[in-house]
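Here are a few exercises to work through with the structure open beside you. Try each task yourself before reading its solution.

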Amino acid sequence: MGGDGATTAGQAPRASADEGQGGWHGLAADLAGDRQMFRVSWGKAMMWIFLLSDTFIFGSFLTGYMSVRIAATTPWPNPSEVFALTIAGQHLPLILIAVMTFVLITSSGTMALAVNYAYRRERGRCAALMMATAAFGALFVGMQAFEWSKLIAEGVRPWGNPMGAAQFGASFFMITGFHGMHVTAGVIYLLVVARRVLAGRYESTGNYDIVEIAGLYWHFVDLVWVFIFALFYLW
């Protein structure tokens, strides 16, 4: 009995010390130190959670678009005509959209290469490829601005559309505008991270997870565009 009591008494301080390192203080320390959770860094885990929530938002927008288009009583504008350009006397349907898609998909390739060079600790090439990715993103936003200005000049508004169903304008500006905001934010994000990589901010620790985290965001933006392209421009 006495031995058991002594053992219990001796173990109590150890249990208290373990408890002192846990709880909210331990969680805050893990977050501050970018500790790993389930073999994934906190930064990467938080980015996945953000992307999951963003998936729900884009999914709701695209589902709403499909519902509105199916329920529309007025004929829906033909995307091949609405988004066509006349170049050198040739009527080219969806040519601008095809170029925009090519640019964004190419940017995914440069971003993947940037992540590869980051983990090889070749920061010069990593930063250059991240800047190239940001340049592709800026080019995409520029072409999207041209697309918007063309439709606005033709009378398309969020509340009306001379080409057919009035819901077309609201759906187009809401969905492409929300995606364009994500691309713009991604361009700024990539430039900030590239500048830090080039300055050698992560060289001492060798922890280039931030480049991969930025890549996750950029690949998500590209993937969302594939769904927008399929449902909005090809349907």
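**Exercise 1. Find the helix that holds threonine 101, decide whether this residue is buried or exposed, and list what it touches.**

Solution. Keep in mind that this is a predicted model. Start with the place: threonine 101 is part of helix α5, which covers residues 95-119. Next, look at its accessibility. The relative accessible area is 10%, and the cut-off for buried is under 20%, so threonine 101 counts as buried. Last, look for its partners. Leaving aside residues up to four places away in sequence, threonine 101 touches Trp225 and Phe229.

**Exercise 2. Work out how helices α3 and α8 are arranged relative to each other.**

Solution. Two numbers are useful here, since a pair of packed helices is described by the angle and the distance between the axes. Take α3 (residues 42-71) and α8 (residues 209-233): their axes come within 10 Å and cross at roughly 10°. Angles under 35 degrees count as roughly parallel, and therefore α3 and α8 are roughly parallel to each other. Now sort the residues in this contact by class: there are 17 nonpolar, 2 polar and 4 charged ones.

**Exercise 3. Say what kind of aromatic pair tyrosine 189 and tyrosine 217 form, and which parts of the protein the pair ties together.**

Solution. Searching the whole structure turns up 23 aromatic pairs. For tyrosine 189 and tyrosine 217, the ring centres are 6.3 Å apart and the planes are at 75°. Planes over 60 degrees apart count as edge-to-face, and that's the label for this pair. Now place the two rings: tyrosine 189 belongs to helix α7 (residues 167-198) and tyrosine 217 to helix α8, so the pair links parts that are 28 residues apart in sequence. Check accessibility too. Tyrosine 189 is partly exposed at 25% relative accessible area, while tyrosine 217 is buried at 7%.

Try the same steps on another pair. Phenylalanine 232 and tyrosine 233 have ring centres 5.7 Å apart and planes at 55°, which makes the pair tilted. Phenylalanine 232 is buried, with a relative accessible area of 1%, and tyrosine 233 is buried with a value of 1%.

**Exercise 4. Find the ring that the charged end of arginine 69 sits over.**

Solution. Go to the side chain of arginine 69 and follow it to its charged end. The ring underneath belongs to tryptophan 235, and its centre is 4.6 Å from that charged end.

**Exercise 5. Locate alanine 88 and arginine 121, and give the sign of phi for each.**

Solution. Begin with alanine 88, in the loop between β3 (85-87) and β4 (90-92). Its phi is near 55°, a positive value in a residue other than glycine. Alanine 88 is exposed, with a relative accessible area of 79%. Then move on to arginine 121, in the loop between α5 and α6 (123-153). Here phi is near 60°, again positive in a residue that isn't glycine. Arginine 121 counts as partly exposed, at 42% relative accessibility.

**Exercise 6. Step back: how many helices and strands does the protein have, and in what order do they come?**

Solution. Count the elements to get 8 helices and 4 strands. Along the sequence, they follow the pattern α-α-β-β-α-α-β-β-α-α-α-α. Of the 235 residues in the protein, 38% are buried. Finally, take the contacts between residues at least 6 apart in sequence: 73% of them join residues at least 24 apart.

Key:
Residues are numbered from 1 along each chain as its sequence is written. This is a predicted model: local features need pLDDT of at least 70, side-chain atom pairs count only at pLDDT 80 or more; totals for chains, interfaces and linings use all residues. Side-chain values use heavy atoms; hydrogens and water are left out. Axes are lines fitted to C-alpha atoms, for helices over the stretch in contact, and angles run from 0 to 180 degrees between N-to-C directions. Helices (H or I, at least four residues) and strands (E, at least two) are DSSP runs, numbered from the N terminus. Angles under 35 degrees count as roughly parallel, over 145 as roughly antiparallel, 65 to 115 as roughly perpendicular and the rest as oblique. Ala, Val, Leu, Ile, Met, Phe, Trp, Tyr, Cys and Pro count as nonpolar, Asp, Glu, Lys and Arg as charged, and the others, Gly among them, as polar. Rings of Phe, Tyr and Trp (its six-membered ring) pair if their centres lie within 6.5 Å; planes under 30 degrees apart count as stacked, over 60 as edge-to-face and the rest as tilted. Buried means under 20% relative accessible area, exposed over 50%, partly exposed in between (1.4 Å probe, protein chains only). A charge sits over a ring if NZ of Lys or CZ of Arg is within 6 Å of the ring centre and within 35 degrees of the ring normal. Contact means heavy atoms within 4.5 Å.
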